Amino acid sequence: MRILAIETSCDDTAIALVEIRGNLLSKSRSASWRIKILKNLVSSQIKLHRPYGGVVPMLAKREHEKNLPKILNQIKSASRRIKLKIDEIAVTVGPGLEPALWSGITFAKDLAKKFNKPLIGANHLEGHLYSFLLSQKVSSSKFKVQSSKLFPAIALIVSGGHTILVLMKSLIQWKKLGETRDDAVGEAFDKVARMLNLSYPGGPELEKLAKRGNPKAINFPRPMLKDKNYDFSFSGLKTAVLYYLRDNPRFLPADVAASFQQAAIDVLAGKTLNAIKEFGAESVLIAGGVAANKKLREIMKLETKKLELNFFAPPAKLNTDNAAMIAVAAYFQKLRKKNHRLEAQSNLNL
Ligand code: KG4
Ligand code: ZN
């Protein structure tokens, strides 16, 4: 099945063409499958939003509307070589910024009409959840979902808008264990980066700066780490950094960055480890923009290795928003014979 997927939930305009062969939900041990990304284009609006220090929804919408036809043309011209054959069209319907979501949905509806193909509405968070299937170790090998001891799995989705811990019993059955009660962890990275005068989006910049700092220099709080639940809170940590900067005018930015990053990662890793133990997990998945953070990946890899568990994370480029993951979410949507309403659902949940 070839899926042309469109993602415009925030500030990335993305279109991907993905081929998925076989049935990932097949119970047969000999079943094989393959996910091949034929084309994956992302046009970032970072420069446009940078002066505002965050994403401006109406600007994002306008930019998506301008970029979508351009990106589709790029795919079309490249597709002469790979033969543009599409079976389904998929689009993110939520969660995200409503005006931004609508630009993708309207574009996808027109395309579906033009190509006379079915249109699948996909959940952005499911896209992140499934993005581990796009990693080489999984998608290009004879990796067997059924015979590998994959589940139960604990998935940590960490992005600019979400921080969610999920217990997966199978590829299509899961339960949300907890989520942030205030800021998402990516949002905290972005806000602390701004306090340190780093440019937007701050996550990658803060990580770069943190490399030169001492993560033990400042003992920032680890909010809710000791609580017996799987919820998170990052706004207190952010405020602790703000007060530290106010009270220590001669602060060392690299030490602040490294100590903040360490505190945030300690909470993420600590809660994930608690869930692994409580639910006897066989695997851990991390996804979302913050999962691009090398320190977080290293720690999760190390901890899962110690416990002899599988560890999956999408390749670095596919942690942040992209349309390839939306194609995979739509594929499962199709297998489950379910579809989302084809309208912007800014608060759609997992
Ligand atoms: O998944 P994503 O692209 O968009 C949302 O769905 O939100 O995530 C974007 C978030 C931003 O907050 C960004 O600062 C953060 O991911 N991020 C990082 C890193 N790369 C991106 N945070 C920490 N370290 C990184 N290397
Ligand atoms: Zn995202």
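**Reading a two-domain predicted model**

Mentor: In this predicted model, the centres of domain 1 and domain 2 are 26 Å apart, taken over C-alpha atoms.

Trainee: Which residues make up domain 1 and domain 2?

Mentor: Domain 1 is built from two stretches of the chain, 2-135 and 317-335, while domain 2 covers 149-313.

Trainee: How is the size of an interface given?

Mentor: It is often stated as the accessible area that is lost when the parts come together. Here, about 1,900 Å² is buried between domain 1 and domain 2, and carbon and sulfur atoms give 73% of that area. On the side of domain 1, Leu129, Phe132 and Asn319 supply 37% of what that domain buries against domain 2, more than any other three residues. Counted by contacts, 22 residues of domain 1 meet 21 residues of domain 2.

Trainee: How many salt bridges and polar contacts cross the interface of domain 1 and domain 2?

Mentor: The rule finds zero salt bridges across the interface. It does find six residue pairs in polar contact there, both members at pLDDT 80 or more.

Trainee: Which helices supply at least two residues each to the side of domain 1 that touches domain 2?

Mentor: Helices α1 (46-49) and α4 (124-130) each do so. The largest share, five residues, comes from α4. By class, this side of domain 1 has eleven nonpolar, eight polar and three charged residues.

Trainee: What is the general idea behind a salt bridge?

Mentor: Side chains of opposite charge can pair when their charged atoms come close. In this structure the count by the rule comes to 19 salt bridges. One of them joins the side chains of Arg336 and Glu126, with an N to O distance of 3.9 Å; the cut-off is 4 Å, so the pair is included. The two residues lie in distant parts of the chain, 210 residues apart: Arg336 is in the segment after α11 (324-335), and Glu126 is in helix α4.

Trainee: Which residues come nearest to ligand 1?

Mentor: There are 19 residues around ligand 1, and Gly160, Asp190, Glu207, Gly289 and Asp321 come nearest.

Trainee: Where do oxygen atoms of ligand 1 approach polar atoms of His128, Gly160 and Gly161?

Mentor: Separate side-chain from backbone partners. For His128, an N or O atom of the side chain is 3.2 Å from an oxygen atom of ligand 1. For Gly160, a polar backbone atom is 2.8 Å from a ligand 1 oxygen. For Gly161, a polar backbone atom is 3.3 Å from a ligand 1 oxygen.

Terms used: Residues are numbered from 1 along each chain as its sequence is written. Chains are lettered from A and ligands numbered from 1 in the order in which they are written. This is a predicted model: local features need pLDDT of at least 70, side-chain atom pairs count only at pLDDT 80 or more; totals for chains, interfaces and linings use all residues. Side-chain values use heavy atoms; hydrogens and water are left out. Domain bounds come from an automatic or database domain assignment. Contact means heavy atoms within 4.5 Å. Buried area is the accessible area (1.4 Å probe) that two parts lose on being put together, summed over both. A polar contact is a pair of N or O atoms within 3.5 Å; within protein, one must be able to donate a hydrogen and the other to accept it, and residues adjacent in sequence count only if both atoms are side-chain atoms. Helices (H or I, at least four residues) and strands (E, at least two) are DSSP runs, numbered from the N terminus. Ala, Val, Leu, Ile, Met, Phe, Trp, Tyr, Cys and Pro count as nonpolar, Asp, Glu, Lys and Arg as charged, and the others, Gly among them, as polar. A residue is near a molecule or strand if one of its heavy atoms lies within 4 Å of it.
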